[in-house]
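Reader: I've got the sequence and the model open on my screen. Can you walk me through them, one question at a time?

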Amino acid sequence: MTDQRSRVQELIQRLRERGCRITPQRLAILHILTRDQSHPSAEDIFKELYTQFPTTSRATVYKMIAVLKEMNEILELEFSDQSNRYDGNRPYPHTHLICLYCGAISDPEHAGLDDLPRELALHAGYELVSYRFDVYGICPACRATK
Ligand code: ZN
Ligand code: MN
């Protein structure tokens with residue numbers, strides 16, 4: 001897991017290099033995106049931002065996400081039945097565990113799992129560009145309350 005403070009510093013530096021001004025709202029969004037493994041949706045980010053900055057708009061959140069996406073500094077997980085979720089800590093493809101009950105998304109620690117796509121691609125003569133590997137189940141918290 002990347003140290004949050006250094007990840008935020010890294011993002012601030014990259015954004016500044018692009019001439020992007022770091023407003024208090026934008027800084028707060030970076031903190032929310034990198035704070036934990038919750039993989040927040042844009043609405044999750046907005047709701048939390050709103051508690052600190054009641055004059056903020058959803059557009060502020062969407063704009064920041066769009067900029068980070070363009071810079072390849074955020075991983076966007078798209079779903080057909082729920083909102084997109086974001087990982088600001090690991091902006092590259094990796095395995096996710098997804099709870100079918102509560103929608104929790106986490107990054108499982110499992111050595112070798114993320115080497116598999118590269119090996120499969122290599123074996124088939126592909127150049128690996130991207131991959132998606134989601135494992136669906138019922139998380140420990142939901143299993144405990146079942
Ligand atoms: Zn759950
Ligand atoms: Mn992730």
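**Salt bridges, domains and a metal site**

Author: Let's start with a charged pair, bearing in mind that this is a predicted model. Glu48 makes a salt bridge with Arg35, and their closest N and O atoms are 2.6 Å apart.

Reader: Where do Glu48 and Arg35 sit, and how many residues apart are they?

Author: Glu48 belongs to helix H3, while Arg35 is in the loop between H2 and H3. The pair links distant parts of the chain, with a spacing of 13 residues.

Reader: Is Glu48 buried or exposed, or partly exposed?

Author: Buried would need a relative accessible area under 20%, and exposed one over 50%. Glu48 comes out at 27%, so it falls in between and counts as partly exposed. Its partner Arg35, at 40%, is also in the class called partly exposed.

Reader: How many salt bridges are there in the whole structure?

Author: Glu48 with Arg35 is one pair, and Glu73 with Arg14 is another. A search of the whole structure brings the count to eleven.

Reader: Which residues are linked in a network of salt bridges with Glu73?

Author: Start with the bridge from Glu73 to Arg14, where the closest N and O atoms are 2.5 Å apart. That pair joins the loop between H4 and S1 to helix H1 (residues 4-17), across 59 residues of sequence. The network takes in Glu73 along with Arg7, Glu10 and Arg14.

Reader: Why does Glu73 count as buried?

Author: The cut-off for buried is a relative accessible area under 20%. Glu73 has contacts beyond its sequence neighbours, among them Arg7, Leu11, Leu68 and Pro91. Glu73 counts as buried because its relative accessibility is 9%.

Reader: Which residue of the Glu109 and Arg90 salt bridge is buried?

Author: The closest N and O atoms of Glu109 and Arg90 are 3.6 Å apart. Glu109 lies in the loop between strand S4 (105-106) and helix H5 (116-123), and Arg90 in the loop between S2 and S3, 19 residues away in sequence. Glu109 is exposed at 63%. The buried one, at 12%, is Arg90.

Reader: What is the pattern of helices and strands along the sequence?

Author: The protein has six helices and five strands to place. Reading along the sequence, you get α-α-α-α-β-β-β-β-α-β-α.

Reader: What separates the centres of domain 1 and domain 2?

Author: The protein is split into domain 1 (4-87) and domain 2 (95-145). Taken over C-alpha atoms, their centres lie apart by 23 Å.

Reader: Which three residues supply 53% of the area that domain 1 buries against domain 2?

Author: Nine residues of domain 1 touch eleven residues of domain 2, and the area buried between the two is about 750 Å², with 47% of it from carbon and sulfur atoms. On the domain 1 side, no other three residues give more than Gln37, Leu77 and Phe79.

Reader: How many residue pairs are in polar contact between domain 1 and domain 2?

Author: Salt bridges don't feature here, since the rule finds zero of them across the interface. Polar contacts do: the number of residue pairs between domain 1 and domain 2 is six. As for elements, those giving two or more residues to the domain 1 side are strand S1 (75-77) and strand S2 (85-87).

Reader: Which residues coordinate the manganese ion (ligand 2)?

Author: In sequence, the donor residues follow the spacing H-x47-D-x6-H-x1-H-x10-D. The histidines use NE2 and the aspartates OD, at 2.0 to 2.2 Å. Named one by one, the donors are His39, Asp87, His94, His96 and Asp107.

Reader: How many residues apart in sequence are the parts that His39 and His96 tie together?

Author: His39 lies in the loop between helix H2 (24-34) and helix H3 (42-52), and His96 in strand S3 (residues 96-99). Both histidines are buried. The pair therefore ties together parts whose separation in sequence, in residues, is 57.

Reader: What share of the 146 residues is buried?

Author: We've met several buried residues, including Glu73 and Arg90. Over the protein as a whole, the buried share of the 146 residues is 37%.

How values were computed:
Residues are numbered from 1 along each chain as its sequence is written. Chains are lettered from A and ligands numbered from 1 in the order in which they are written. This is a predicted model: local features need pLDDT of at least 70, side-chain atom pairs count only at pLDDT 80 or more; totals for chains, interfaces and linings use all residues. Side-chain values use heavy atoms; hydrogens and water are left out. Donors are N, O and S atoms within 2.8 Å of the metal (3.2 Å for Na, K and Ca); water is not among the atoms, so sites may look incomplete. Helices (H or I, at least four residues) and strands (E, at least two) are DSSP runs, numbered from the N terminus. Buried means under 20% relative accessible area, exposed over 50%, partly exposed in between (1.4 Å probe, protein chains only). Domain bounds come from an automatic or database domain assignment. Contact means heavy atoms within 4.5 Å. Buried area is the accessible area (1.4 Å probe) that two parts lose on being put together, summed over both. A salt bridge is a side-chain nitrogen of Lys or Arg within 4 Å of a carboxyl oxygen of Asp or Glu. A polar contact is a pair of N or O atoms within 3.5 Å; within protein, one must be able to donate a hydrogen and the other to accept it, and residues adjacent in sequence count only if both atoms are side-chain atoms. Lists of a residue's contacts leave out its neighbours within four places in sequence.
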